[in-house]
2 protein chains.
Amino acid sequence: MELQEAKDKFIHTWAQLGSSWGINKTMAQIHALLLVSANSLSTDEVMEQLKISRGNANMNLRALIDWGLIYKDPRIGERMEFFRAEKNIDKVARNIARERRKREIEPVLSLLADLNQVEIKESAEALEFKKVTKDIAEFSESVDGFLDKFSKTDKNWFYGLVMKIMK
Amino acid sequence: MELQEAKDKFIHTWAQLGSSWGINKTMAQIHALLLVSANSLSTDEVMEQLKISRGNANMNLRALIDWGLIYKDPRIGERMEFFRAEKNIDKVARNIARERRKREIEPVLSLLADLNQVEIKESAEALEFKKVTKDIAEFSESVDGFLDKFSKTDKNWFYGLVMKIMK
DNA sequence: TTTTTCTTTCAGAAATTTTTGAAAATTAAA
DNA sequence: TTTAATTTTCAAAAATTTCTGAAAGAAAAA
């Protein structure tokens, strides 16, 4: 297999994965492309390699910067912008964990806090509702704490943890 | 706030969350509805409460059964099918972890295993590619192990773990 | 300044995903 | 059997998301 073929396979699969993660295809493709590039790439190079429009490339490059997955990589004497991926996979995972926590867990916790305030008159349905929302709140808080810790810790305790629980 | 209003809020937020998890809106809505119902519901009741078509209801009820998030709940003397949700949140989380592992992690590991077989002649680009894919493979294997353990263990070690790492 | 280069925006087009609803299939009762 | 109730399927419609490309904006060079 040629390097280019291997890269294409990687980009293709990464893109598919992105979809089931709520990350759109192009964003995942650009990320994959930059991950396996030794050098930083310009918007035009990204457009050309992935056969996408300028608008699409620009929009998703910016989104990737927001997620902390790529950086602008200025080249002295060059006016055009170049982009490079964060290659430290632990850091990539932490940044993704941080964004997803913010976008997914926080809204749930805030809703459940609201619902918990509610005074509802006693009934089978009401009790059921209270119980389920309380259970979900407890669980979500655990996950929240876990992701918070995971996304903030520099040292990688995760591998050690996995080793310990897997044996 | 009335119970119905609280339920509607819950269903609405759960549905939004589902979207960013690659679970479609109706599937998440039905799941939420059954989670907060004291009794099992028929397809017709689900259709009526969520204002959705029979086809849509049927398709998503089946998907929820596949995920192990709801069960058929036969009533003696009744021919029509009724559905109830799994209310044990730990179990819900484990079932979701299991499905997502199967759908998302496994394909990546299988791709990376493939790519690792590849013999590529030495070059800056090739070395970069090898390094990144190796790092991702290592990390994915850790996550895979974690999710596998998480989805298979009956006893809930997760809370204890969270307590330990959060303090 | 004016020109050139590059980036950003966004309305409409295209692609993808989800939903509908009616027909077909299944299952149980009559 | 035949009839009635219920579930499943699936082609077409609707809704949603993503992408394009041209125009506007911004920044540097001439």
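**Close-up views of a predicted model with two chains and two DNA strands**

**View 1. The buried residues of helix H4 of chain A.** In this predicted model, H4(A) has four residues that are buried: Ala57(A), Asn60(A), Leu61(A) and Leu64(A). Looking down the axis of H4(A), we find these buried residues within an arc of 110 degrees, so they line one face of the helix. A general point helps here: an α-helix has 3.6 residues a turn, so residues three or four places apart point the same way. The cover over the buried residues of H4(A) includes helix H2 (25-35), helix H3 (43-50), strand E2 (70-72) and strand E3 (82-85), which belong to chain A. Turn to the other side of H4(A) and you meet Gly55(A), Arg62(A) and Asp66(A), which are exposed.

**View 2. The length and the end of H4(A).** From first C-alpha to last, the 13 residues of H4(A) reach 18 Å, close to the 18 Å expected at 1.5 Å a residue. Follow the chain just past H4(A) and you come to Gly68(A), where phi is positive, about 75 degrees.

**View 3. The loop between H3 and H4, in each chain.** In chain A, the loop between H3 and H4 holds Lys51(A). Although Lys51(A) is not a glycine, its phi is positive, at about 55 degrees. Lys51(A) has 6 other C-beta atoms within 10 Å and is exposed; residues count as exposed when that number is 12 or fewer. In chain B, Lys51(B) sits in the loop between helix H3 (43-50) and H4. Lys51(B), too, is a residue other than glycine with a positive phi, near 55 degrees. Lys51(B) counts as exposed, with 6 C-beta neighbours inside 10 Å.

**View 4. The surface near DNA strand C.** There are 19 residues around DNA strand C, and those that come nearest are Gly55(A), Glu81(A), Ser53(B), Gly55(B) and Asn56(B). Three helices each supply at least two residues of this surface: H4 (54-66) of chain A, and H2 (25-35) and H4 (54-66) of chain B. H4(A) gives the most, five residues. By class, the surface near DNA strand C has three nonpolar, nine polar and seven charged residues.

**View 5. The surface near DNA strand D.** Here 18 residues surround the strand, and the closest are Ser53(A), Gly55(A), Asn56(A), Gly55(B) and Glu81(B). Two or more residues of the surface near DNA strand D come from each of H2 and H4 of chain A and H4 of chain B. H4(B) provides the largest share, five residues. Three nonpolar, eight polar and seven charged residues make up the surface near DNA strand D.

**View 6. Where chain A and chain B touch.** This contact draws 44 residues from chain A and 44 residues from chain B. On the side of chain B that touches chain A, at least two residues each come from helix H1 (3-19), helix H5 (89-117), helix H6 (124-152) and helix H7 (157-166) of chain B. H6(B) brings the largest share of that side, 14 residues. The same side of chain B divides into 29 nonpolar, six polar and nine charged residues.

**View 7. How the two copies are related.** A turn of 180 degrees with a shift of 0.0 Å along the axis lays chain B on chain A with an RMSD of 0.1 Å. This is the relation of a two-fold axis. Both copies use the same surface, as 100% of the contact residues of chain B recur in chain A.

Terms used. Residues are numbered from 1 along each chain as its sequence is written. Chains are lettered from A and ligands numbered from 1 in the order in which they are written. This is a predicted model: local features need pLDDT of at least 70, side-chain atom pairs count only at pLDDT 80 or more; totals for chains, interfaces and linings use all residues. A residue is near a molecule or strand if its C-beta atom, placed from the backbone, lies within 6 Å of it. Ala, Val, Leu, Ile, Met, Phe, Trp, Tyr, Cys and Pro count as nonpolar, Asp, Glu, Lys and Arg as charged, and the others, Gly among them, as polar. The expected span of a helix is 1.5 Å times one less than its number of residues. A residue is buried if 20 or more other C-beta atoms lie within 10 Å of its own, exposed if 12 or fewer, and partly exposed in between; C-beta atoms are placed from the backbone. The arc is that of the directions from the helix axis to the C-beta atoms. Two residues are in contact if their C-beta atoms, placed from the backbone, lie within 7 Å. Copies are superposed by least squares on the C-alpha atoms of residues with pLDDT of at least 70 in both.
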